[in-house]
Amino acid sequence: MAYPVLGSSDDRAHHRAPLRHRAKIVRAGKTHSGAFRQMTLTFEKLRKQYGQHVTIDDVSTRFEPGLIHGVIGPNGAGKSTLINMTAGSYVVSGGKISLDDKTLSGMKKYQIANSGVARTYQNIRLFDQMTVLENLEVCFYPAHVGQVWREILWPPFAAKRRRERRDVCMELLAFFNLQHYADAEAGSLPYGRQRMLEIARALVMNPRVLLLDEPAAGLNHHETAELTARLAELKTPDRIMIVVEHDMDLVMTVCDRIVVMHHGKLLFQGTPAEVQASADVQLAYLGTANDLDDIKTAAKDRRTQLGIRARRRS
Ligand SMILES: Nc1ncnc2c1ncn2[C@@H]1O[C@H](COP(=O)(O)OP(=O)(O)OP(=O)(O)O)[C@@H](O)[C@H]1O
């Protein structure tokens, strides 16, 4: 399938594409068989303020596809605000967010979502009373609203579409080891499973930009290791992944590039090795040299344990 071009009618066609073409949506290298257009998410002189209180100050950076970008920083540094502005939950006070040649800042939340941006929340926001499967299936409806009449008037077509949607959802559930919970109420799942379900839901529409706001928050060691492995597998050449996270072990293990925020400003950006070597970052955030050694050792152990290949150094 040719990769859709943002800002054109192809953009909408992406969401209307036959579901069978999007069945393999989670594993790297299996998403699109044909050529695709590389998208870059860009922040230009981004600013957010509440009255006189500036929370994001002149942040410029780029997020490239095929990489997992970490965003780290102390509490209140502005990490979630970056996610919220990108997803359209917060209005941008100044500067610009663009996805390739399309300006996202100023667009409505649903328009940003329709442009291929999906997110998870720091505090889990599932439909607790719906089943696990329904939490995923419900994501299809806005994108396929044009097909509703056809489904009403032609039951075999409706049944086929339902099967196709279900296949995509079940594949995602299996990827996150949630298939056995498909008929359970989402609110009844253990916390760690709910976190995974939120990520699965964000993936239903096969987003080009996946924003994860503290996905490891509240997870135990075992669950964090599982999440780390899943995130590494979610990397595809055409997907931009941004992970806001406090778990340094996860970040240093899985991220290719890291942006360090401090007091609303971009303090540093680089590879995990560069971030760990930065005196500014050490001073502002990561702590003592002993802490850093512990983090490096833990990250190395986990990469070995999970079979994640060593990152490219650039
Ligand atoms: N809706 C809001 N109204 C007013 N101030 C806000 C709002 N949202 C965030 N802030 C302020 O913006 C600053 C950055 O908050 P943000 O949540 O982005 O930080 P963070 O780096 O994600 O922190 P944490 O790691 O604790 O989640 C904080 O000073 C916070 O109080």
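Okay, let's start in the middle of the protein: the largest nonpolar core has 72 residues, and the ones that touch the most other members are Leu172, Ala200, Val204, Val243 and Val251. Helix 7, residues 191–203, gives this core its largest share, six residues. Before I go on, keep in mind that this is a predicted model.

Let me stay with one of those core residues for a second. Which residues does Val251 touch, if we skip everything up to four places away in sequence? The list is Gly70, Ile72, Val243, Glu245 and Ile258.

A quick word on the whole chain. We have 314 residues in the protein chain, and 36% of them are buried. The secondary structure comes to 12 helices and 10 strands. If you take contacts between residues at least 6 apart in sequence, 69% of them join residues at least 24 apart.

Now, Val243 was on that core list, and Val243 takes us to strand 8. Strand 8 covers residues 240–244, and five of its five residues are buried. As a reminder, side chains in a regular strand alternate between the two faces of the sheet. Here both faces are covered: Ile240, Ile242 and Val244 are buried on one side, and Met241 and Val243 are buried on the other.

So who are the neighbours? Strands of a sheet pair through backbone hydrogen bonds, either parallel or antiparallel. Strand 3, residues 68–72, pairs with strand 8 in the parallel sense, over four bridges. If you want to find that in the viewer, look for Ile68, whose bridge partner in strand 8 is Met241. Strand 7, residues 209–213, also pairs with strand 8 in the parallel sense, over five bridges. There, the pair to click on is Val209 with its bridge partner Ile240 in strand 8. To get from strand 7 to strand 8, the chain goes through helix 8, residues 221–234, and this β-α-β crossover is right-handed.

On the way into that helix there's a residue I'd like you to look at. Ala217 sits in the loop between strand 7 and helix 8. Is Ala217 buried or partly exposed? Ala217 counts as partly exposed, because 17 other C-beta atoms lie within 10 Å, and the cut-off for buried is 20 or more. For a sense of distance, the C-alpha atoms of Ala217 and Val281 are 22 Å apart, with these positions 64 residues apart along the chain.

Next, the ligand. Which residues surround the ligand? They are Tyr50, Thr55, Gly73, Asn75, Gly76, Ala77, Gly78, Lys79, Ser80 and Thr81. By class, that shell has seven polar residues, two nonpolar and one charged. The largest share of the shell, three residues, comes from helix 2, which spans residues 79–87.

Helix 2 itself is mostly covered, with eight of its nine residues buried. Those buried residues are Lys79, Thr81, Leu82, Ile83, Asn84, Met85, Thr86 and Ala87. Lys79 and Thr81 are also in the ligand shell. Just past the end of helix 2, Gly88 has a positive phi of about 85 degrees.

Let's move to the other sheet I wanted to show. This one is an open sheet of four strands in the order 2-1-4-5, and the pairing is antiparallel. Strand 2, residues 53–63, and strand 5 are at the edges with a single partner strand each, so one side of each has no neighbour in the sheet. Strand 5 pairs with strand 4 in the antiparallel sense over two bridges. To locate that, take Ser98, which has Thr103 as its bridge partner in strand 5.

Between those two strands the backbone does something worth checking. Asp100 lies in the loop between strand 4 (94–99) and strand 5 (102–103). Asp100 is not a glycine, yet its phi is positive, about 55 degrees. Asp100 is partly exposed, because there are 16 other C-beta atoms within 10 Å.

There's another of these further along. Asn177, in the loop between helix 6 (155–175) and helix 7, has a positive phi near 60 degrees, again in a residue other than glycine. Why does Asn177 count as exposed? Because Asn177 has 12 C-beta neighbours inside 10 Å, and the exposed class is defined as 12 or fewer.

Terms used
Residues are numbered from 1 along each chain as its sequence is written. This is a predicted model: local features need pLDDT of at least 70, side-chain atom pairs count only at pLDDT 80 or more; totals for chains, interfaces and linings use all residues. A residue is near a molecule or strand if its C-beta atom, placed from the backbone, lies within 6 Å of it. Ala, Val, Leu, Ile, Met, Phe, Trp, Tyr, Cys and Pro count as nonpolar, Asp, Glu, Lys and Arg as charged, and the others, Gly among them, as polar. Two strands pair if DSSP finds at least two bridges between them. A crossover is right-handed if, with the strands pointing away from the viewer, the path from the first strand over the helix to the second runs clockwise. A nonpolar core is a set of buried Ala, Val, Leu, Ile, Met, Phe, Trp, Tyr and Cys residues joined through C-beta atoms within 7 Å. Two residues are in contact if their C-beta atoms, placed from the backbone, lie within 7 Å.
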